[in-house]
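Reader: I am new to this structure and would be grateful for a guided reading of it. May I put some questions in turn?

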Amino acid sequence: MKLDHSDRLLAQLNELFDLTLCPPSEYETFQMVGLDFKAQGYESAKLGHVSVQTASGMGGAMEMESMIVNPFSVDGPLFSLDLISAQGKYTLMMELYDTLVDTPRDEAPFQAIKDRYAHIMDIPHKPNWYDDIQYHASCAKLATPEQAEDLSKLIMTYGQRYVELLKDAAPCDVQRKRVKADAYRDGLLSHGGPATDAFLKFWGPEKTGKLFTEVLFG
């Protein structure tokens, strides 16, 4: 399976919201835990902040793609995608977080998509500090090579439904939205999370915070 889901979703968002690539940063390329990373941020006055991060290493035996969509100008939830290919298996963390300020939280469309792929094994949920704002319709999956095509369909169907949600979302006050979005971002720096812990371990909160603020979350 080609790890290009972030690029495909990015193209859809760009078509709708006119994304602008952020100026180059020290995190555009970097190395950590034996992996080569690339990270880029995008801004849109119509949407908010979007980032795409990739990593590869171990002679091509491990690949990763990540995407964060942090809408500030429209009242949609925060979207986070992490897909890892390693040792012949695929690990997916695809999550939505309630950073809404006025719009009621509606998980049903995403739960319906998730339910269609119940045959792909769920990774057991471990309690975490952000459970109250994480959608239950978020996906944590472990797929075999034989399930790669279905996993890819899950990612794109779910991601495209999220793009549609943003397209129809009501405009909102940017400052109010940022307060809720920043609380999640800063909470990761304070309390950690599955994709955050490695950065905190190797870089500490200050350098990780700079990456999060300048590139990944905005």
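**Strands, helices and selected residues**

Author: Ser-51 belongs to strand S4, which covers residues 48-57. The model under discussion is a predicted one.

Reader: Is Ser-51 buried or exposed?

Author: A residue counts as buried when its relative accessible area is under 20%. Ser-51 has a relative accessibility of 1%, and therefore it is classed as buried.

Reader: Which backbone oxygen does the side chain of Ser-51 reach?

Author: Outside the residues up to four places away in sequence, Ser-51 touches Gln-40, Gly-41, Ser-66, Met-67, Ile-68, Val-215 and Leu-216. One of these residues supplies the backbone oxygen, at 2.8 Å from the side chain of Ser-51: the residue is Leu-216.

Reader: How many residues of strand S6 are buried?

Author: Strand S6 spans residues 78-86 and is mostly covered. Of its nine residues, the number buried is seven.

Reader: How many bridges join strand S5 to S6?

Author: Strand S5 comprises residues 62-71, and a hairpin of six connecting residues leads from S5 to S6. Within this pairing, Met-62 stands opposite Ala-86 of S6. The two strands run antiparallel, and the number of bridges between them is eight.

Reader: In S7, which residue is the bridge partner of Ser-80?

Author: S6 is also joined to strand S7, residues 89-97, by nine bridges in an antiparallel arrangement. One pair in this arrangement is Leu-83 with Leu-92 of S7. For Ser-80, the partner in S7 is Glu-95.

Reader: Which residue in the turn between S6 and S7 has a positive phi?

Author: S6 and S7 form a hairpin with two residues between them. The residue in question lies in the loop between these strands, and its phi is near 55 degrees, a positive value in a residue other than glycine. With a relative accessible area of 79%, against a threshold of over 50%, it is therefore exposed. The residue is Gln-87.

Reader: In S9, what is the bridge partner of Tyr-90?

Author: S7 pairs with S9 as well as with S6. Five bridges join S7 to S9, and these strands run antiparallel. The partner of Tyr-90 in S9 is Ala-143.

Reader: Where is Gln-147 found, and is Gln-147 buried or exposed?

Author: Gln-147 is in the loop between strand S9, residues 139-143, and helix H3. Leaving aside residues up to four places away in sequence, Gln-147 touches His-119, Ile-120 and Leu-142. Its relative accessible area is 17%, which is under the 20% limit, so Gln-147 is buried.

Reader: What is the orientation of helix H2 relative to H3, roughly parallel or roughly antiparallel?

Author: Helix H2, residues 108-116, packs against helix H3, residues 148-168, at an angle of about 170 degrees, with the axes 10 Å apart. Angles over 145 degrees count as roughly antiparallel. H2 is therefore, relative to H3, roughly antiparallel.

Reader: How many residues of the contact of H2 with H3 are nonpolar?

Author: On the H2 side the contact is made by Pro-109, Phe-110, Ile-113 and Arg-116, and on the H3 side by Leu-154, Thr-157, Tyr-158, Arg-161, Tyr-162 and Leu-165. These residues include one polar and two charged, and the nonpolar ones number seven.

Reader: Which residues touch Gly-187, leaving aside its neighbours within four places in sequence?

Author: Gly-187 is part of helix H4, residues 174-191. Its relative accessibility is 7%, so Gly-187 counts as buried. The C-alpha atoms of Gly-187 and Thr-99 are separated by 13 Å, although the two residues are 88 residues apart along the chain. With the neighbours left aside, the contacts of Gly-187 are Trp-129 and Gly-192.

Reader: Is Pro-205 buried or exposed?

Author: Pro-205 is placed in helix H5, residues 197-216. Not counting residues up to four places away in sequence, Pro-205 touches Leu-189 and Leu-200. The relative accessible area of Pro-205 is 54%, and values over 50% qualify, so Pro-205 is exposed.

Reader: What is the relative accessible area of Val-33?

Author: Val-33 sits in the loop between strand S2, residues 29-32, and strand S3, residues 35-44. Its phi is near 45 degrees, a positive value in a residue other than glycine. Val-33 is partly exposed, with a relative accessible area of 42%.

Definitions and conventions. Residues are numbered from 1 along each chain as its sequence is written. This is a predicted model: local features need pLDDT of at least 70, side-chain atom pairs count only at pLDDT 80 or more; totals for chains, interfaces and linings use all residues. Side-chain values use heavy atoms; hydrogens and water are left out. Axes are lines fitted to C-alpha atoms, for helices over the stretch in contact, and angles run from 0 to 180 degrees between N-to-C directions. Helices (H or I, at least four residues) and strands (E, at least two) are DSSP runs, numbered from the N terminus. Angles under 35 degrees count as roughly parallel, over 145 as roughly antiparallel, 65 to 115 as roughly perpendicular and the rest as oblique. Contact means heavy atoms within 4.5 Å. Ala, Val, Leu, Ile, Met, Phe, Trp, Tyr, Cys and Pro count as nonpolar, Asp, Glu, Lys and Arg as charged, and the others, Gly among them, as polar. Buried means under 20% relative accessible area, exposed over 50%, partly exposed in between (1.4 Å probe, protein chains only). A polar contact is a pair of N or O atoms within 3.5 Å; within protein, one must be able to donate a hydrogen and the other to accept it, and residues adjacent in sequence count only if both atoms are side-chain atoms. Two strands pair if DSSP finds at least two bridges between them.
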